Amino acid sequence: MFTTDPEIVAIGEGLIARTLPKPAWTHAAHFAAVLWLLRCRPDLPARTHMPGLIRAYNEATGGANTDGEGYHETITIASIAAAAHYVAAHPHTPLHTLVNTLLAGPCGDKNWLLTHWSAATLFTPRARRSWVPPDLAPLPFPV
C-alpha cells in the first residue's frame, strides 16, 4: 500500500495544513495520520489533537461535522487506541511498514469496529458526539 515513510508524512502534514486532497482522506489515510502523530509528533498527542484536526480538515474541505456526517468520536478514539497499541508493540518498525501491517489486519476493514459495536449503537448521534463503550465485545486493547 505505502512504500515510503515520506508518503505517510505527507498525509499527516496535509491533514494538519488542511491541504490533503479530499479523495486522499481514506480509511488507510486516517490510520496513516494517527500512526504518524503517535510516532513522529509527540508534541501533538493524538488523543487530544486528532479530533480537532479531523473536524477542521472536514470543514476546510467542504464537509460538515454533524450528527450524521463528519467527525465521529467513538470511531476516532477506538482507532487511536488500536494504533497506539500497535505502535507500542512494534517500536522499531519503519512507519510505512507499520501502517501497512496494521491495515493488513482487522483494522484494514473499514467495518472492523462492528465486531465490537452493533451498528445500532455505533452509528448514533451519541456515539458520533462522545465516546460510547462497545456493546458487543470489548476491545482487545485499552482505550
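## Helix 3 against helix 4

Let's start where two helices meet: helix 3 (residues 46-60) and helix 4 (residues 73-89) have axes that come within 10 Å and cross at roughly 135°. Please keep in mind that this is a predicted model. Angles from 115 up to 145 degrees fall outside the roughly perpendicular and roughly antiparallel classes, and helix 3 and helix 4 are therefore oblique to each other. The crossing of helix 3 past helix 4 is right-handed.

Which residues make this contact? From helix 3 come Ala46, Arg47, Met50, Pro51, Ile54 and Arg55, and they meet Glu73, Thr76, Ile77 and Ile80 of helix 4. Sorted by character, the residues of this contact are six nonpolar, one polar and three charged.

## A closer look at helix 3

Helix 3 is built from 15 residues and reaches 20 Å from its first C-alpha to its last, close to the 21 Å expected at 1.5 Å a residue. Its buried residues are Ala46, Met50, Pro51, Leu53, Ile54, Ala56, Tyr57 and Asn58. Among the elements covering them are helix 1 (5-17), helix 2 (27-40) and helix 4. After helix 3 comes glycine 62, which has a positive phi near 90°.

Is asparagine 58, a residue of helix 3, buried or exposed? The cut-off for buried is under 20% relative accessible area, so asparagine 58, at 11% relative accessibility, counts as buried. Leaving aside residues up to four places away in sequence, asparagine 58 touches Trp25, Gly63, Asn65, Gly70 and Tyr71.

## Helix 2 against helix 4

Helix 4 also packs with helix 2, at an angle of about 55° and with the axes 10 Å apart. Angles between 35 and 65 degrees belong to the oblique class, and helix 2 and helix 4 are therefore oblique to each other. This crossing is right-handed.

On the helix 2 side, the contact uses Phe31, Val34, Leu35, Leu38 and Arg39; on the helix 4 side, it uses Ser79, Ile80, Ala83, Ala84 and Val87. The residues of this contact divide into eight nonpolar, one polar and one charged.

## Valine 87 and helix 5

Valine 87 sits in helix 4 and is buried, with a relative accessible area of 14%. What does valine 87 touch, not counting residues up to four places away in sequence? Its partners are Leu35, Leu38, Arg39 and Leu98. Between the C-alpha atoms of valine 87 and leucine 102 there are 9.3 Å, and the two residues are 15 residues apart along the chain.

Leu98 and leucine 102 also appear among the buried residues of helix 5, together with Leu95, His96, Val99, Asn100 and Leu103. Helix 5 (residues 95-104) is mostly covered, since seven of its ten residues are buried. Those buried residues pack against helix 1, helix 2 and helix 4.

## An unusual backbone angle at arginine 18

One last stop is arginine 18, in the loop between helix 1 and helix 2. Most residues other than glycine have a negative phi. Arginine 18 is not a glycine, yet its phi is positive, about 65°. The side of the scale between buried and exposed applies here: arginine 18 is partly exposed, with a relative accessible area of 45%.

Terms used:
Residues are numbered from 1 along each chain as its sequence is written. This is a predicted model: local features need pLDDT of at least 70, side-chain atom pairs count only at pLDDT 80 or more; totals for chains, interfaces and linings use all residues. Side-chain values use heavy atoms; hydrogens and water are left out. Axes are lines fitted to C-alpha atoms, for helices over the stretch in contact, and angles run from 0 to 180 degrees between N-to-C directions. Helices (H or I, at least four residues) and strands (E, at least two) are DSSP runs, numbered from the N terminus. A crossing is left-handed if the near helix is turned anticlockwise from the far one by less than a right angle, and right-handed if clockwise. Contact means heavy atoms within 4.5 Å. Ala, Val, Leu, Ile, Met, Phe, Trp, Tyr, Cys and Pro count as nonpolar, Asp, Glu, Lys and Arg as charged, and the others, Gly among them, as polar. Buried means under 20% relative accessible area, exposed over 50%, partly exposed in between (1.4 Å probe, protein chains only). The expected span of a helix is 1.5 Å times one less than its number of residues.
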